[in-house]
Amino acid sequence: MVKKLDITQGLPDPSKVMDEIMAKYPTKIAKKRQKSLVVNDPAEGKEIQANVRTIPGIITQRGCTYAGCKGVVLGPTRDIINLVHGPIGCSFYAWLTRRNQTRPAEGEDNFITYSFSTDIQDSNIVFGGEAKLKDAVREAFEIFKPKAIGIFSTCPVGLIGDDVHSVSREMKEELGINIFGFSCEGYRGVSQSAGHHIANNGVFKNVIGNNNRERIGKYQINLLGEYNIGGDAFELERLFDEAGITLLSTFSGNSTIESMEYSHMADLNLIMCHRSINYIAEMMEEKYGIPWVKVSFIGAEGSAKALRKVAEYFDDAELSAKVEEIIEREMKKVETVREAVKAKTEGKLAMMFVGGSRAHHYQDLFTEIGVTTVSAGYEFAHRDDYEGRDVIPSIKIDADTRNIEDLTVEKDLELYREDLAVKKEKLLKNGYEFSNYDGMMPEMKKNSLVIDDINHWETEKLIEYYKPDIFCAGIKEKYVVQKSGVPLKQLHSYDYGGPYAGFEGAINFYLEMERMLCTRIWKMVTTPWKTDPEIVGSFAINE
Amino acid sequence: MLLNHTTSKIVERKALTVNPAKTCQPVGAMYAALGIHGCLPHSHGSQGCCSYHRSTLTRHYKEPVMAATSSFTEGSSVFGGQANLLQAITNIFTIYEPDIIAVHSTCLSETIGDDLGQIVSKAASDGKIPEGKHVIQAPTPSYVGSHVTGYANMLEGIVKYFAKKSDNLKNQLNILSGWVEPSDMRELKRILKLMKVKNVLLPDTSDVLDSPMNGKFEMYPKGGTTIPEMVSMGDSLHTIALGEWATEKAAINLDNQCKVKFSMQDLPIGIQATDRFIQSLAKLGSVSVPESINDERGRLVDVITDMHQYLYGKRVALWGDPDQLIPLAEFLVDMDMKPVYIVSGTPGKTFEKRMEKILSKSVPEAKYKNGANADMFLMHQWIKENPVDLLIGNTYGKYISRDEKIPFVRMGFPIIDRIGHSYFPTLGYMGGLRILEKILSELMDQQDAACPEESFELVM
């Protein structure tokens, strides 16, 4: 039997295994990677290197800027045609692979099941692809009559000089629908993160504020950075509905462009995935005066906390009572399952390397069932997602970051919510936190190992060292880790399960962990004759 | 409805592709390179390419798919990717220790004009390639051809680098496999063994992408064509190339470089294509066909005669790659089925000619198209005009299947929602039997589910 890491006296200092990892690297690489591997000390508050280039030749988890822009932020919105300008692959790979569930009303537009591409050819590379792009836009309009078309640049597009923005303007004029482009060529940034920022800018400039819709609810909010993987947003919609909170728009799970157009009429923005969407929250506050708060609906405790935070913001006894009623009812259900599962999972070890927020949020769910996170990190986050937003002023702005436009936003004199600014001031005095995110590291144990942009070599060594009971990452890591005898839970696609957000989601996740941590199949990996050798026959019956 | 916007009204398109029946070159190059032993594929471009290709192959095989990337940034896109690739080669040999790095390009590195051959030569002259290690390369511009073209280009790159002609002619055949599953490559080897034909199979992804669970991750699993085998291909008697789109370039290269003549053949899917394969093996290998092969063929024909009534006249829509679609259409026609709609995003002029030959007499109403705008959206529109009884193609067909309530057999790439393709072949007579079983199960399940209660049959 494999000897488990003993953590009863706290987590062991992983410095030795870090040295072993570094020993394999060429000196220059070791020097660079060293800054991205940090032995955590929440009391001290250490600095981690993040959002820097991946070293060529290193087997990384990361994807590209296009993936962050089209795949993550715009992809989940159903009533827009997302037209990919480039060779066929980029659109093909982003076709239905991210599990953004959506629920259109009967007859309502839903283009998520479609893949649209200009499929540019070598002649377009030589002579330019703008003419083909315009034709493709016209054809898409003629056949599908969409409300909006987004145009996404892929790597060669920027290099051959196609201007998707001028084409968008021209086509918008010609066809009379909202058409806008994104310069989200794959190479623009160091990871998907650049694409998030580009998408945020594009949506803010071209969509938000297009419709000053009248108030439709007493408490109007937006949910930002919730992409409805596995139906997470559905579970949250259920909770808001029951509490009487009006969800104007979600960016961008189960969403419509139409709802984003009037999202600036909200009273409050809630942020789930800080990394991918904080730009829009900041810009909406600057322009419209809508405050934002960071929440996490991953984990039952977090969900309760988030609901209370919203109720506290609106400061309404009726709303607070309703929220407390929901929490009490839901927590009862949660507790029954949690206790039963925890009895089987307590003391197990987890590692998670994923995304820009999930590697933090999911630690809460694991804690609830007694599983300790020994090592974690993000694929494409920035320092503030690790260390908290306080470090933002001290983050060095490198050439790769400078490459992404920072929009200058001005107050909308007509729509700016002075009342909300006053409300914010008052709440701040009472200790209510706005515009804040403390990041992952303050919440992780001393000596836990925090790693940014983990690569294959590090993954292999750390599995050997920690022998975790469960590893959380994505599809590329899934079978690599499982071949080593450790179950892997995908936290991008949820392994086609979910929802895991909210209270129902927490129950689903506990049960999923019970399944994964208690299955007998891993015990069958080793052949019985490995420990009980075959008798070597003195006479052969084979031939 | 999942595909709510698809109607039977067909508007001529020249620029817009909707729901493609192809993807881009590099993923094919990555797959082909995984079929040589001890090889780490390397994608020379943005990180996203490598990530997308690994993800797609991983979803299809549910196996580790390892590959590295040059991780281009804006700077490398402007100044060229040479520095990235040189650094990558050093890092890969130091950290991941493969015997071979198989570099393919991307639309990005091709557009900026990176010359892989020149960069690899520089790596060699700079001493960045350790003794006994190899860096091979293939240009795979994503804006030309399709994923199949990338497979063909990598295969060509492999033989170009490794195959050597010496003075010792080898009593063996080269078998260049088209884009098929590990199970199919395993099946090819089984057939070759039954036929007692010595051979080198290239590539060979069996024991790479169907590896067993034993508690240990192997970065380079035991399968894959080995370096000595690839070197020896230059001394073989003859090459049988299976699938024109995927293997012709490599076959021509072996002929030009090492004077090994080749026979261009279809993938052995169905009765006739397998017959042709077996006959060439017999002729070129100077062997007789063993009884066991006759029996396998006989069993396949037997089952078709047994179940003919469920197959006869059934209208089928197919999509995928020409190398599969051509022998598959032929097989369906041989079973008296009607492949009425066929699309492939992969361009190539012989597609139409071959389809015409197979279909003009027996299925004159058939519509087929390949290349630009030959996509699943068009095929679905044809189905809306006049429906079919069966769909055969990759996983993306499930949306049409559900909307139109049409039985669906998964074949091709990618299959990301079912297992089986890695383990049960569709090549050869036994593979034909599997295709047949799947078709019958789908059609007969549909009959069982949809027929009036009084006609619900116990015995079928």
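Me: Over residues 24-443 of chain B, what percentage of the chain is helix and what percentage is strand?

Reply: Good place to start! Keep in mind that this is a predicted model. Over residues 24-443 of chain B, helix makes up 49% and strand 14%. The end C-alpha atoms of that span are 33 Å apart. The span itself comes from UniProt, where an unreviewed entry places "domain: Nitrogenase/oxidoreductase component" at residues 24-443 of chain B.

Me: Which residues of chain A does UniProt list for "domain: Nitrogenase/oxidoreductase component"?

Reply: The unreviewed entry lists residues 64-514 of chain A. That span is 47% helix and 14% strand, with end C-alpha atoms 34 Å apart.

Me: How many helices and strands does chain B have in total?

Reply: Chain B has 17 helices and 14 strands.

Me: Why does the radius of gyration of chain B agree with that of a compact globule?

Reply: The idea is to compare the chain with what its length would suggest. A compact globule of 460 residues would have a radius of gyration near 23 Å, and chain B has 23 Å, so the two agree. The box filled by the C-alpha atoms of chain B is roughly 80 × 55 × 45 Å along the principal axes. Burial is another thing to read: 58% of the 460 residues of chain B count as buried. Contacts tell you about the fold too. Among contacts in chain B with a separation of 6 or more, 74% join residues 24 or more positions apart.

Me: Which domains does the assignment give for chain B?

Reply: There are domain 1 (25-162), domain 2 (173-212 + 219-290) and domain 3 (292-454). Notice that domain 2 is written as two segments. The centres of domain 1 and domain 2 of chain B, taken over C-alpha atoms, are separated by 24 Å. Their contact takes 25 residues from domain 1 and 28 residues from domain 2 of chain B.

Me: Which helices of chain B each supply at least two residues of the side of domain 1 that touches domain 2?

Reply: Helix H1 (25-34) and H7 of chain B each do so. H7(B) gives the most to this side, with ten residues. By class, the side of domain 1 of chain B that touches domain 2 has 16 nonpolar, five polar and four charged residues.

Me: Is H1(B) mostly covered or mostly uncovered?

Reply: H1(B) is mostly covered, with ten of its ten residues buried. Among them are Val27(B), Met30(B), Tyr31(B) and Leu34(B). The buried residues of H1(B) pack against strand E2 (39-44), helix H2 (47-61), strand E4 (100-105), strand E5 (134-138) and H7 of chain B.

Me: Which residues touch the most other members of the largest nonpolar core?

Reply: That core has 279 residues, and those touching the most other members include Leu270(A), Met352(A), Tyr151(B) and Ala329(B). Helix H7 (residues 147-162) of chain B brings the largest share of this core, eight residues. A second, separate core of eight residues includes Ile125(A), Cys155(A), Tyr187(A) and Phe72(B).

Me: How many residues does the contact take from chain A and from chain B?

Reply: To read a contact between chains, look at each side in turn. This one takes 66 residues from chain A and 63 residues from chain B. Several elements of chain A each supply at least two residues of its side, including helix H3 (65-74), strand E3 (116-117) and helix H20 (475-483). H6(A) gives the most to the side of chain A that touches chain B, with eight residues. By class, that side of chain A has 34 nonpolar, 17 polar and 15 charged residues.

How values were computed
Residues numbered from 1 in each chain as written. Chains lettered and ligands numbered in written order. Predicted model: local features only at pLDDT ≥ 70, side-chain atom pairs only at ≥ 80, totals over all residues. Core = buried A, V, L, I, M, F, W, Y, C linked by C-beta atoms within 7 Å. Buried ≥ 20, exposed ≤ 12 C-beta atoms within 10 Å, placed from the backbone. Helix = DSSP H or I, 4+ residues; strand = E, 2+ residues; numbered from the N terminus. Domains from an automatic or database assignment. Contact = placed C-beta atoms within 7 Å. Nonpolar A, V, L, I, M, F, W, Y, C, P; charged D, E, K, R; others polar. UniProt positions renumbered as here; feature names shortened; annotations may be inferred. Rg over C-alpha atoms; globule rule 2.2 N^0.38 Å.
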